[in-house]
Amino acid sequence: MSGGWGGYDGGVMVTMQDVAERAGVTKQTVSNVVTGRVAVRPATEARVRAAIAELGYVPNLVARSLATGSSRTVGLFVPTVSAPFYADVVEEVEDALEERGYRLLLCTTRLDGERARRHLAALAARSVDALLIAGDQGLTGHLPLLADVRFPVVLCAWEAALPDGFPVVTVDYEHGGHLAGRHLRALGHERVLVLASPAHTVRTAGFRRAFREDGVELPEDAVRTAAEPTFAGGLAVALDALRARPDATALFATHDVLAVAAVEAARTLGRTVPGGLSVVAYDDAPAGLLSGSLLTSVVLPKREMARRAVDLALSAAASAAPPGPRPRPLLPALVPGDSTAPARGPGGP
């Protein structure tokens, strides 16, 4: 059999020419389907892909990279895959890449700045077509490592101050906090608590703005910070906050797991949700199901964000030009659930 990129079929090398003969097309057409450099009619592409599957043909990625100058690989950095938010982002990015014939190279920083630096330095020297960085924790100071890389870099899910020189596809996190605040104000709540992660100052600012618009200023001790967004950490802080402010009728949590912790804290203190305490979560991760009810949540458009980031990165890689202007931040939405109700007692209806 003739040479070329290929795999083995019963110990015999399967080549691109074999695929071409089986599909009744030229070798160049098979190459166009495999590399994606030239569009092929859908019916023809379907025959080629059927022949590839039937013969078990596997392109030699190293040879293809040398021939085309493209590895068909995109890197993705996330803080962790244990958090449902980032797990969803990873899956959506992988799906979007697979649809276009690309593979995903995944790295986790685990909120370790030095680990992030090592990954960035190693990836800067690898043959990838683009890099996506989701989440800003511990990474901002290391971005200069990517200043001179040959591939486009796109940031997404970026909540900190946006760095210069990089395109960003992100969400208006402040608007999400504002939505939570307006929802509670519409229900008549004035005496509220905020259970926040240290990284979520923008979300808290949006929540404060919603109350300030009605002339209600949240006292400083109404905002309680959990050192880490974990159930155990959130539970301890929520219990302390509710004991210190027993007149609070509502609580806004800037992270879904903190909202779950707040619901448990309320129940521990003999308060029902939402009758005794309304709770608003931020994000719609499955952890909310642990509360035993459907939480009222600020829902982030993470799937749309992931696909837009992929589009931006691959468009830049294909054109060999820097990505275009930063797109406008995507807007979250508030989805009412079972965890909020009108305020009761003084200040309520």
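**Exercise 1. The sheet and its helices**

Which strands does helix 11 (residues 302-319) lie across, and at about how many degrees does helix 11 run to strand 6?

*Solution.* The model is predicted: local features need pLDDT of at least 70 and side-chain atom pairs count only at pLDDT 80 or more, while totals for chains, interfaces and linings use all residues. Residues are numbered from 1 along each chain as its sequence is written, and side-chain values use heavy atoms, with hydrogens and water left out.

Step 1. Identify the elements: helices (H or I, at least four residues) and strands (E, at least two) are DSSP runs, numbered from the N terminus. Two strands pair if DSSP finds at least two bridges between them.

Step 2. Establish the sheet. Five strands form an open sheet with parallel pairing, in the order 4-3-5-6-7. Strand 4 (103-108) and strand 7 (168-169) are the edge strands, each pairing on one side only. Strand 3 (residues 73-78) runs parallel to strand 4 and is joined to strand 4 by six bridges; Val-78 is opposite Thr-108 of strand 4.

Step 3. Place helix 5. Helix 5 (residues 84-99) packs on the sheet and touches strand 3, strand 4 and strand 5 (130-134), its direction making about 160 degrees with that of strand 4. Contact means heavy atoms within 4.5 Å; axes are lines fitted to C-alpha atoms, for helices over the stretch in contact, and angles run from 0 to 180 degrees between N-to-C directions.

Step 4. Answer the task. Helix 11 lies across strand 3, strand 5, strand 6 (153-156) and strand 7, at about 165 degrees to strand 6.

**Exercise 2. Helix 11 in detail**

Describe the span of helix 11 and its buried residues.

*Solution.* Step 1. The 18 residues of helix 11 reach 26 Å from first to last C-alpha, close to the 26 Å expected at 1.5 Å a residue; the expected span is 1.5 Å times one less than the number of residues.

Step 2. Apply the burial rule: buried means under 20% relative accessible area, exposed over 50%, and partly exposed in between (1.4 Å probe, protein chains only). Among the buried residues of helix 11 are Met-305, Val-310, Leu-312 and Leu-314.

Step 3. The cover over the buried residues of helix 11 includes helix 5, strand 3, strand 5, strand 6 and strand 7. Just after helix 11, Ala-320 has a positive phi of about 55 degrees.

**Exercise 3. Salt bridges**

How many salt bridges are counted, and which parts of the chain does the pair of Arg-100 and Asp-311 link?

*Solution.* Step 1. Side chains of opposite charge can pair when their charged atoms come close. A salt bridge is a side-chain nitrogen of Lys or Arg within 4 Å of a carboxyl oxygen of Asp or Glu. The count is 22 salt bridges.

Step 2. In the salt bridge of Arg-100 with Asp-311, the closest N and O atoms are 2.3 Å apart. This pair links distant parts of the chain, 211 residues apart: Arg-100 is in the loop between helix 5 and strand 4, and Asp-311 is in helix 11. Arg-100 is partly exposed at 39% relative accessibility, and Asp-311 is partly exposed at 31%.

Step 3. Arg-209 and Glu-174 form a salt bridge at 2.7 Å, N to O. Because Arg-209 lies in helix 8 (residues 201-212) and Glu-174 in helix 7 (residues 173-186), the pair ties together parts 35 residues apart in sequence.

Step 4. A network of salt bridges links Asp-88, Glu-92, Glu-99, Asp-283, Lys-302, Arg-303 and Arg-307.
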